[in-house]
Amino acid sequence: MKKIAIIGCGISGLYFANKLLSEKTYDFTIYEKKSELDLNDGYGIQLSVNSVRLLNEIGFNRIAASEVSFPKKVNFFEAKTSKKICEIDISKFNSENKRYTTLKRSFLIKFLLNNIPAEKIKNNLELTGVERGQKIKLSLSNNLTEEFDYLIVSDGVFSKTKSIILEKDTSPKFFNSVALRGNIKNLDNNDIALYLGPNFHFVIYPVNQNKEFNFISIIRKKLSKNEILNQNLFESSDFLKSLCNEVYQKTAMNLNDKLENIKSFPIYVSKKFEDFNYKNIYFIGDALFTFPPSFAQGASQSIEAAQEAFEEINNNSNSYYEKRGLKIKKVNWRSKLNHFAFHLSNPIIVLFRNLILKILVNNKNFLNNYLGRIYKD
Ligand SMILES: Cc1cc2nc3c(=O)[nH]c(=O)nc-3n(C[C@H](O)[C@H](O)[C@H](O)COP(=O)(O)OP(=O)(O)OC[C@H]3O[C@@H](n4cnc5c(N)ncnc54)[C@H](O)[C@@H]3O)c2cc1C
């Protein structure tokens, strides 16, 4: 029986663990630094069909339909006027049971946890050292050591395990942007609404069939090093108020009394795709590469990466990093381009952008290349 250690109990690590459950030849342990996972927050996540197809293999198609939503379109609006610019029909990439899906992140985590025996997850533990040989010897924060055949690194954007293994500072970089997120209730909208403003955009989408919605805004912001590292700043009511005002003042939509549970956090992205060359060690999810959030692919790519790492181990093949590197390149430039195009501020350039958008969303070849290659390939 092969022994596998998984570091981090997020979307990628949990999906990977679910795949292992389907084979009798693996024994695994998940090490999670938090004492417990937050299974109650109401914030949302979007899953495109590439990850829904994989999730269905572990039973996602059997979850209660009331807990998810299936938006058919992305509607683009000008934030300043709420005037519709154009729409993309994302349902054209759907097939039976594999539909673009939005839901609460906490619901996805609950689903992924559902089949994993509690004793497989060791909380309050992180990795402190690695010795590589025939087996991988892990030193843990409880001063114990354990030997494994494989190590899966899925501890997210700030992966400490990555720095330990690569023996260098691998911290991500601040993306000069801040996220503002919250919940809204009782809107009359089943699709994804994307509002474009100068130096910000925001997205509203349903997270279930109970009229609950996710609000997420990405706002360009230059912050000093001290400010970025100051967690109190992001929690302070003054900072939250100033971020909200920045958005509220530039949008015709009345968000003021509607947004609840507002939070903010700095956005980080990976500096580069590292040259990974480690036998029996697989980085997946944000620990492998963290994208700008403007293409909503982080979770879907985390699930894809976990699937590919699982197949690599199961088939004893050797193409994981090469294949992943190619896909990451494709997703990364699209995410950066979206971010750039969504935030344009010069009115003449905005006019051109809107015109180009109107043409592109009706161009089948463009959509198949820009979205289809990510959602389907
Ligand atoms: C504003 C914003 C909006 C987003 N929206 C979307 C979206 O709509 N659709 C989408 O697909 N993606 C979205 N994403 C991205 C998505 O959330 C991430 O890509 C995804 O959660 C990454 O999963 P993961 O498993 O790699 O990491 P995570 O889900 O972050 O999990 C990492 C886990 O590791 C644990 N951990 C951390 N350090 C250690 C350690 N040293 N030892 C042990 N455990 C550790 C953490 O506690 C956590 O449980 C968004 C991201 C942002 C910032």
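Me: What counts as a residue near a molecule, and which residues are the closest to the ligand here?

Reply: A residue is near a molecule or strand if one of its heavy atoms lies within 4 Å of it. In this structure 31 residues surround the ligand, and the closest are Ser12, Glu32, Arg105, Asp286 and Ala299. The model is predicted: local features need pLDDT of at least 70, side-chain atom pairs count only at pLDDT 80 or more, and totals for chains, interfaces and linings use all residues. Residues are numbered from 1 along each chain as its sequence is written, and side-chain values use heavy atoms, with hydrogens and water left out.

Me: How many residues of each class does the shell around the ligand have?

Reply: Ala, Val, Leu, Ile, Met, Phe, Trp, Tyr, Cys and Pro count as nonpolar, Asp, Glu, Lys and Arg as charged, and the others, Gly among them, as polar. The shell has 12 nonpolar, 11 polar and eight charged residues.

Me: Which helices and strands each supply at least two residues of that shell?

Reply: Helices (H or I, at least four residues) and strands (E, at least two) are DSSP runs, numbered from the N terminus. Helix H1 (11-21), strand E3 (44-47) and helix H8 (298-315) each supply at least two shell residues. H8 gives the most, with four residues.

Me: Where does Glu32 come in among the polar contacts of the ligand?

Reply: A polar contact is a pair of N or O atoms within 3.5 Å; within protein, one must be able to donate a hydrogen and the other to accept it, and residues adjacent in sequence count only if both atoms are side-chain atoms. An N or O atom in the Glu32 side chain is 2.6 Å from an oxygen atom of the ligand. The side chain of Glu126 has an N or O atom 3.0 Å from a nitrogen atom of the ligand. For Ile11, a backbone N or O atom lies 3.1 Å from a ligand oxygen atom. The protein covers 85% of the 1,000 Å² of accessible area that the ligand has on its own; accessible areas come from the Shrake-Rupley method with a 1.4 Å probe, and for residues only the protein chains shown count as cover.

Me: How many salt bridges does the structure hold?

Reply: Side chains of opposite charge can pair when their charged atoms come close. A salt bridge is a side-chain nitrogen of Lys or Arg within 4 Å of a carboxyl oxygen of Asp or Glu. The structure holds 15 salt bridges. One of them joins the side chains of Lys3 and Glu146 (3.4 Å, N to O). This pair links distant parts of the chain, with Lys3 in strand E1 (residues 2-7) and Glu146 in strand E11 (residues 145-148), 143 residues apart.

Me: Is Arg324, in its salt bridge with Glu304, buried or exposed?

Reply: Buried means under 20% relative accessible area, exposed over 50%, partly exposed in between (1.4 Å probe, protein chains only). Arg324 has a relative accessible area of 1%, so Arg324 is buried. Glu304 is at 6%, so Glu304 also counts as buried. Salt bridges that share partners join Glu304, Glu308, Arg324 and Lys327 into one network. The side chains of Arg324 and Glu304 meet at 2.6 Å, N to O.

Me: Why does Phe352 count as exposed?

Reply: Phe352 counts as exposed because its relative accessibility is 53%. Phe352 is found in helix H10 (residues 347-360).
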